[in-house]
Every structure is written in C-alpha cells, then in structure tokens.
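Trainee: Could you go through this structure with me, starting with a loop and then moving on to the sheets, helices and cores?
Mentor: Yes, let us have it on screen and take the topics in turn.

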Amino acid sequence: MRIPTALAIALLVVLAGCSGPLSSSGGTSGATATTGDAGTTAAQSTAANAQTTSEASTTGAEGAETTATGASTGTETTGSEMTGTESAATDAAGTGTGTATGGAAGDLADPSSDRLGWENGLWYNESIAVNDTDGLNATERGAVVNRTMARLEVVRQLEFNRTVPVSVISRSAYQQQAGSGDVPPAFRTFDNTKFEAMFMVGENRDSLAVQDQNRESSVLGYYAPSNDSIVVVSESETPRLSASTLAHELTHALQDQQFDLTDDPADTREAYNARNGLIEGEANLVQRRYQERFNDTWETPTQGEGGGGNGSASQLHYGIYFLEFFPYSDGPGFVATLYNQGGWEAVNAAHGNLPASTEQVIYPELYEQDAPTNVSLDDRSSNDWRRVTPSAPQAGQARPGYAELGQSALSSMFAYTLFDARSGTTYNQSAVVRPGQVVNRGEGGQGANSSDPLNYDLPATQGWDGDKMYVYRSGNETGYVWKIAWDSPEEAQDFVTAYEELLSHWGGTQVSENGSTSTWEIEEASPFTDAFRVQVQGNTVTITNAPTTEGLNGVRSN
C-alpha cells in the first residue's frame, strides 16, 4: 500500500512511500490493515465489496472497474518509455521462468507461451497509446496495467500467473468505505489500552478511530489478497491512475501469486511489523528499481498526488504514522541486504522464513541469528481485575490474549514526543529524543534520506529482546502489565532512564522509590493520567499501570 508525503517531525520532513502494512485478511487490503495488533479489524471484511460499489459510482473515464486485459494500439504517444538499454532485460539474480527478449531486435511478436517481460499481448518495452489528461479509459488502463506487469517481471524476475483487476476511486469515495466498523468490545478495549501504553492515544479518544483517520487521509492505493484486486485512490477530480502506486501494488499482487499473502502468521503488532518489513520492504525496493529503469511517460502529473492533498498532512497522528511507517522505512534496507547476499533467491526464501522481530529488520545481520525471547508473564491480578482477552475481529481468525509491541513500537513511543503537539494531544513542548536521532539525513545533511527517512535504532530501545503485555479491566477502568526483556542489565537500565523521562514528559512525578522499583503518578491534566510502577530485575523491566497508586497491586501484586 502507498500513502502520500507526510510530516515525520516538526521540521516538515518529506516522506514518500506506503502507509499501513499489508494484511491478508479479507478486507480493505493489506495496506489499510493498520488497526489492532495484527491489523485485522472488521473494516477489512467490508472493503472488498465496498470498493466495487464506490468504483461504480465514480464518473468519467476511470469510473467503472475493469479487468486489466486490454491490448495496446501499438503506437507511441510520448517518445521512449525506457531509460537505458533494455536489450536482454535480465537480472543477474533472475529466478523467473524465462528470459525477457521481446523487442531486443525489434521483434514484438507474441510468444508461443508466457515469458518474463510479456503479459496479455504486451512486451515490457512495447509502446502504448494512452492519453491520461482526462483519465484512462478501460482499454488504455488495461494496456498500462499489462505493460506494468511485464516490466515488473523484468525487474523482480518472477512471473505473474494471472491478470490483476485494477480500479480507481476518488479520495472521498475511499473515505466513505474505509473504517474499522463494528468490532468486539473486548477488542476495542484491548487496542485502546495498548495505544495508551505507548502514550499515543489517551483514554478520552478511541484508538481505532484515530487509526481510521490516518488511513482515510493518507492511503494512495492498496492490494486486497482476499479477492486479488487493486484499488488506487486518486486526489484529482477526475480519478487518475498513479504509475508509482500501480507498480507498488502490482508487486504485492505478484508476491501473493508466488508466496500466498493470505497465509499470514502475524498475530501481534510486533509480528505484523516484522512480516511487513519483508512484504512492504520488497515492494518499496522493487518500485524504486522500476522507476530507475523505466520512464512511464503516459502519466499526467496531478496536483496533490503524492503531496498529501486534501489536507491529509494536517490530519495525521504522527505517532501512529511513525509506528506504521516502519516497514517502509527500514524494510527496503532489510530486503536489499538479503538481495546483496543471495540475489532474488534469498528474498524468495525469506517469504518462507519471515523475520522473527522488528529488531531483525532494523539490524539485518541479526536475521536468522538472534531470535527474540519468549517472555514469560504470570497473572498476579486480584479478583477485582480481569484479563481482557480479545476475540478476533473476524470469524475464523485466531489471536493471542496478549500484546507484543517490539522495538519499532518502543522507538515510536519515544519519537512521538517530538511532535505530539501536532497530533491533537498537545501536552507540552518537551521531547525525550532529538530530531537527529529519529530522522536519517539525506546527502550533505539536507532533508531526509528518501530511501530510509526514519530511524528506529534509538539508544533507549537498543538491546530489546522480547516483550509481552497483559491488559486488565475493572468496571470501566483499565490497566496493564508490560514486561520487556533486554540483552543485558545495562540496556534494561538505559530503557528505564528514558522511560522515566517519558513519564515526566507527559506530566509524571515520581512518588516513591524502593530499590529497583519506582512509582509514578501522571497528573490529571495529562491525556495519560494514571499510576505507574516501574521495576527492574536483571535484564527485564516490568511496567504496571492502574488508574491510581492504590490500584497497582490489584493489577499486579508486588
């Protein structure tokens, strides 16, 4: 999935890439699956039908959903469509079913059987006649999609097995169909508490609604594995197809056809972001290579496309954006490392051996080398407090009764203090981290690094080795226990030092200290008013949260 540019910090950093991670559930798509631990809310169960309805209601040349099977008229509209020489069009690490040789000597005849670089009557280097000034008609869109598929085969060295339906809808149409919808009450409570624990969404707001708002204002397109289709969201009055968004989402379709994205083992936020470090990281990397190799001159630039049109940047919650942008910032580097070590074959193999943690995506050298600790956490709550074990938001799904957030979430929790004033939850102007720690600079220190704009390797989160969170409820009140393992006692203490600064940022005051245990209270004026107990034991840190200090022992006896 893709989103337009957005602000990453108060400096107005430009971020071009995807939005929320890809999901395999039967819903809006991978891209919009940004809610809950594994991003599988009821919103996803309705989008597959809603996208067809919305598409049918759009007007103009892009108004009706079409299957991309149209053929080219065989004439060029705007000169060369390629950059560089494309004679052999093979990749050194090619693992496809053949070699793309169409047009090498001016021969554009259809092959006797399917080939890499040829799809539905079009070679990757064949000219097409399209006019995008008022949107593409069905035949033009079919030609564009087919040739894009052929070109992606050349770049990725994998064969599409079937054609992918592509539709285009307006931003307003997408906003009408997006949303979490009705989810089980326990699921909503669980998700609210989890985002409260990350100091992103206070008790007076609904975490699913905030995530919905991010998604509705930023998504540029998504692929839905449930029905093998792509929807592109357009900012223009006459919906237009975006070349870069199309290439990105077709990469997801190719992944699904070759590796089955519906076989999704991600059931926590940590597993979800780790998995998408591969899925979205590969799509971003392939998209960049596609853009470097081919020049899609058929596309007419539109105002607002990729620039956060419709005021989307002002509506973003930057903490959630930072959390969900992780696979698109660090994922391409992870996939590039795999490719450099073993070509596309190594990337193919990773689909059968997903990253075990976001730590492995942040530090690719740890992949297959440093598995996270399965943190043990016993239940010490009193009879007044009950565990919240959410049922899955959709029938047939399974989910654990706990949360695992991971290093990407911890880093996002600290990074959010840089720009919480911009996300509707202003409390103060302090920050626990510096801008230079969370933004990777571009050449000469100017702007952000376009390929890896955000840094999730923060001093406070280095050495993460696993975590587990239990959510509790007593009447209308909630609490939680969050146990985090670290590689060493020193790294555990580094985290505690930064975490106590985080508590102070949100209006916290230490009220007692007993050896390695400290107790904090956050004032009522804060969106996160509560009591906290922070306990260090060797290389583990256990955080207990309750509405009052008196309630801490009810959530977890000390």
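Mentor: This is a predicted model, and a place to begin is D384, which lies in the loop between helix 10 (358–362) and strand 6 (386–387).

Trainee: Is D384 buried or exposed?
Mentor: D384 has a relative accessible area of 57%, and because exposed means over 50%, it counts as exposed.

Trainee: And what does D384 touch?
Mentor: Leaving aside residues up to four places away in sequence, D384 touches R473 and S474. The C-alpha atoms of D384 and G475 are separated by 8.5 Å, although these two residues are 91 residues apart along the chain.

Trainee: Strand 6 came up there, so which sheet is strand 6 in, and in what order do the strands run?
Mentor: Strand 6 belongs to an open sheet of seven strands in the order 6-7-8-12-11-10-9, with antiparallel pairing. Strand 6 and strand 9 (508–514) are the edge strands of this sheet, each of them pairing on one side only.

Trainee: How many bridges join strand 7 to strand 8?
Mentor: Ten bridges join strand 7 (residues 464–474) to strand 8 (residues 477–486), and the two run antiparallel. To give one pair, Y472 has G479 in strand 8 as its bridge partner.

Trainee: Which helices pack against that sheet?
Mentor: Helix 4 (residues 185–197) packs on the sheet by touching strand 7 and strand 8, and its direction makes about 55 degrees with that of strand 8. Helix 13 (residues 489–505) lies across strand 8, strand 9, strand 10 (517–522), strand 11 (531–537) and strand 12 (540–546), and it runs at about 165 degrees to strand 11.

Trainee: Changing topic, what about the open sheet of three strands?
Mentor: That sheet has the order 3-5-4 with mixed pairing, and its edge strands, strand 3 and strand 4, each pair on one side only. Neighbouring strands in it are turned against each other by 20 degrees on average when direction is ignored.

Trainee: Where does the mixed pairing come from, bridge by bridge?
Mentor: Strand 3 (residues 166–170) pairs with strand 5 in the parallel sense over five bridges, whereas strand 4 (residues 221–224) runs antiparallel to strand 5 and is joined to it by four bridges. On the parallel side, V166 stands opposite I230 in strand 5; on the antiparallel side, the partner of Y223 in strand 5 is I230, and that of A224 is S229.

Trainee: How covered is strand 5, and which way do its side chains point?
Mentor: Strand 5 (residues 229–234) is mostly covered, with six of its six residues buried. S229, V231 and V233 point one way and I230, V232 and S234 the other way, and all are buried. As for what packs on this sheet, helix 6 touches strand 3, strand 4 and strand 5, and its direction makes about 15 degrees with that of strand 4.

Trainee: What sits in the turn between strand 4 and strand 5?
Mentor: The two strands form a hairpin with four residues between them, and D228 in the turn has a positive phi of about 55 degrees. Most residues other than glycine have a negative phi, and D228 is not a glycine. At 27% relative accessibility, D228 counts as partly exposed.

Trainee: Where else is there a positive phi in a residue other than glycine?
Mentor: D260 is one of them, with phi near 60 degrees; its place is in the loop between helix 6 (243–259) and helix 7 (269–293), and it is partly exposed, with a relative accessible area of 37%. Q157, which follows helix 2, also has a positive phi, near 60 degrees.

Trainee: What span should helix 2 have?
Mentor: At 1.5 Å a residue, the 19 residues of helix 2 (residues 138–156) should span 27 Å, and the end C-alpha atoms are 26 Å apart, which agrees. Of those 19 residues, 17 are buried. At the start of the helix, a side-chain oxygen of N137 reaches to within 3.1 Å of the backbone nitrogen of T139.

Trainee: Last topic: which residues touch the most other members of the largest nonpolar core?
Mentor: Of its 107 residues, those are F199, F414, W482, F495 and Y499, and the largest share of the core, 15 residues, comes from helix 9 (residues 318–350). A second, separate core of nine residues includes W385, A531, A546 and V555.

Key: Residues are numbered from 1 along each chain as its sequence is written. This is a predicted model: local features need pLDDT of at least 70, side-chain atom pairs count only at pLDDT 80 or more; totals for chains, interfaces and linings use all residues. Side-chain values use heavy atoms; hydrogens and water are left out. Buried means under 20% relative accessible area, exposed over 50%, partly exposed in between (1.4 Å probe, protein chains only). Two strands pair if DSSP finds at least two bridges between them. The expected span of a helix is 1.5 Å times one less than its number of residues. A polar contact is a pair of N or O atoms within 3.5 Å; within protein, one must be able to donate a hydrogen and the other to accept it, and residues adjacent in sequence count only if both atoms are side-chain atoms. A nonpolar core is a set of buried Ala, Val, Leu, Ile, Met, Phe, Trp, Tyr and Cys residues joined through side-chain atoms within 4.5 Å. Contact means heavy atoms within 4.5 Å. Axes are lines fitted to C-alpha atoms, for helices over the stretch in contact, and angles run from 0 to 180 degrees between N-to-C directions.
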